[in-house]
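Visitor: I would like to go through this structure and ask how each label was earned.
Guide: Ask away, and each label will be set against its definition.

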Amino acid sequence: MSNVFDHTIGRVRPAPENHLGAEQMEQARKARRSFMGKALAMGAGAIAAGQATRARAAEGDPAILELPEHTRGLGRPVAERPYGLPSQWEANLQRRESPGLTRVPQASVSFTPLQGLFGIITPSGLHFERHHQGWWDIDPSKHRLMVHGLVKRSRVFTMDELMRLPSVSRIHFIECGANSAPEWGNVALPTVQYTHGMVSCSEFTGVLLSTLLDMCGIDRKTAKFVLAEGADGSSMTRTIAIERALDDCIVAWGMNGEMLRPENGYPLRLVVPGVQGVSWVKYLRRIEVGDQKWATKDEAVHYIDLMPDGTHRQYTGIQECKSVITTPSGGQMLLDKGFYNVSGLAWSGRGRIQRVDVSVDGGRNWRTARLEGPVLDKALARFNIDWVWDGKPAILQSRAIDSTGYVQPKINQLRAVRGTRSIYHQNAIQSWRVAESGEVFNVQVY
């Protein structure tokens, strides 16, 4: 068998949303066929450019033979930009809203461009957002956190006091419970940014919630739950079991080595590893310790699972084991036959990723992918595997297995238990169909 690197290194044309404006994206939402038509047009341009590049290379590539301006002159001054910015050539890699998703932009979602990221850390500026009332930039000198309820000493902390306490820094993923929700019924979204883009992974810094509860003298005999409340207009409130509160929850002010961004809860948010993002209360202002669940509006009416028999499941916060191939993925286009590095992400709210298998024939045969370190508890894990595309149709899938032995299910397996009318916790295997043309489509394979 020949070495995979003996083949042409295949090129991938980026997904169309990196180039389309809001009006074109609205057309894409309404007419998927129209969407792919635009993609084909751009793909034709990319192919022509590639052919021209190869023609130049046969005569000697001017990019090698001629010294460019940046090699012959002075660059920009040091610290010209006191806060660094991405290159102008990366301007199309952005968080994006899904057109028509919500009635008002203050209660909406921005999706992380998973298809353009590397490793496991999500840059702060590309971290997905979910807001119920819009975001605020709160003066940290005026922000307070109150801890009360079943404690010996109710306390109010300033930001300065919190930041002088013993801190921890830990890498965790956060995923909205509704990530991949439109795919419950059928194929709904064209690209991985929209099918899976409500997940991100960052290093969070703060004080353990258990430290604050101990400082306040929590009543460990009667305390069963804590209630976390945010300071924005939606008054987001979530019940958290005391065992989890005393385990790995963090009252965080830092993210990726700097203070939280306003869109991500500045100056203070709760980090609840492995649990759906709605419990990671932003603009955290209050922790109440109690002996029963509060059944607030955001856990008794919203964020519940509609089961096939018509009943509602409540307090199902754990994000189950899940994975997705990010390259090649929907909306992209393979421009050459030859070698491709198939890459993606896997995660589990119950521990760390043990293994990821990849199939290129719709699940008939599987190969084990490489897990790139570090592989951490309740964090994204990056996987890669070599693939030589022969130009024939293919269906790419990834299947994750976590440290508990749980295996990511097929969509029909998940529907057999959960039905098709649910919204939250859709963790089925994602399928991408590669056509003979090289176009990559979102499909569902059973």
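Visitor: What makes the pairing of the side chains of glutamate 175 and glutamine 319 a polar contact?
Guide: The distance between the two side chains is 2.9 Å. A polar contact is a pair of N or O atoms within 3.5 Å; within protein, one must be able to donate a hydrogen and the other to accept it, and residues adjacent in sequence count only if both atoms are side-chain atoms. The pair of glutamate 175 and glutamine 319 is therefore listed as a polar contact.

Visitor: What kind of model is this, and what do the numbers rest on?
Guide: This is a predicted model, in which local features need pLDDT of at least 70 and side-chain atom pairs count only at pLDDT 80 or more, while totals for chains, interfaces and linings use all residues. Residues are numbered from 1 along each chain as its sequence is written, and side-chain values use heavy atoms, with hydrogens and water left out.

Visitor: Why is glutamate 175 called buried?
Guide: Its relative accessibility is 2%, and buried means under 20% relative accessible area, exposed over 50%, partly exposed in between (1.4 Å probe, protein chains only). Glutamate 175 therefore counts as buried. The residue is found in strand β6, residues 168-175; strands (E, at least two residues) and helices (H or I, at least four) are DSSP runs, numbered from the N terminus.

Visitor: Which residues is glutamate 175 in contact with, leaving aside neighbours within four places in sequence?
Guide: They are Phe128, Met198, Val199, Gln276, Gly277, Gln319, Lys322 and Trp347. Contact means heavy atoms within 4.5 Å.

Visitor: Why is aspartate 219 called partly exposed?
Guide: Aspartate 219 has a relative accessible area of 30%, so the value falls between the two cut-offs. Aspartate 219 is placed in the loop between α7 (209-215) and β8 (225-230). Its side chain makes a polar contact with the side chain of threonine 222, at 2.9 Å. Leaving aside neighbours within four places in sequence, aspartate 219 touches Leu150 and Val151.

Visitor: How do you know which domains are annotated, and where?
Guide: Both come from an unreviewed UniProt entry: "domain: Oxidoreductase molybdopterin-binding" is listed for residues 136-293, and "domain: Moybdenum cofactor oxidoreductase dimerisation" covers residues 321-430. UniProt positions are given in the numbering used here, feature names are shortened, and annotations may be inferred rather than shown by experiment. In the model, residues 136-293 are 13% helix and 36% strand, and residues 321-430 are 7% helix and 44% strand.

Visitor: What makes a space a cavity or a pocket?
Guide: On a 1 Å grid over the protein atoms alone, a cavity is a set of points where a 1.4 Å probe fits but cannot get out, and a pocket is an open set with protein on both sides within 12 Å along at least five of seven lines. Lining residues have an atom within 4 Å of a point. Grid points are joined across faces, edges and corners, and a volume is the space filled by probe spheres set on the points. The largest pocket has a volume of about 590 Å³, and its lining of 24 residues has Gln115, Gly116, Leu117, Phe118 and Thr327 nearest the centre. The largest cavity has a volume of about 240 Å³; it is lined by 21 residues, with Arg130, Arg269, Gly277, Trp280 and Lys282 nearest its centre.

Visitor: What is the lining of the largest cavity by class?
Guide: It has 9 nonpolar, 6 polar and 6 charged residues. Ala, Val, Leu, Ile, Met, Phe, Trp, Tyr, Cys and Pro count as nonpolar, Asp, Glu, Lys and Arg as charged, and the others, Gly among them, as polar.

Visitor: Why is glycine 373 called exposed, and what joins it to proline 374?
Guide: The relative accessible area of glycine 373 is 66%, so the residue is exposed. The peptide bond to proline 374 is cis, with omega about -5°. Another cis bond runs from tyrosine 266 to proline 267, with omega near 10°.

Visitor: Why is histidine 425 called buried, and what is its phi?
Guide: Histidine 425 has 10% relative accessibility and therefore counts as buried. Its phi is positive, about 60°, although histidine 425 is not a glycine. Most residues other than glycine have a negative phi, and most peptide bonds are trans.
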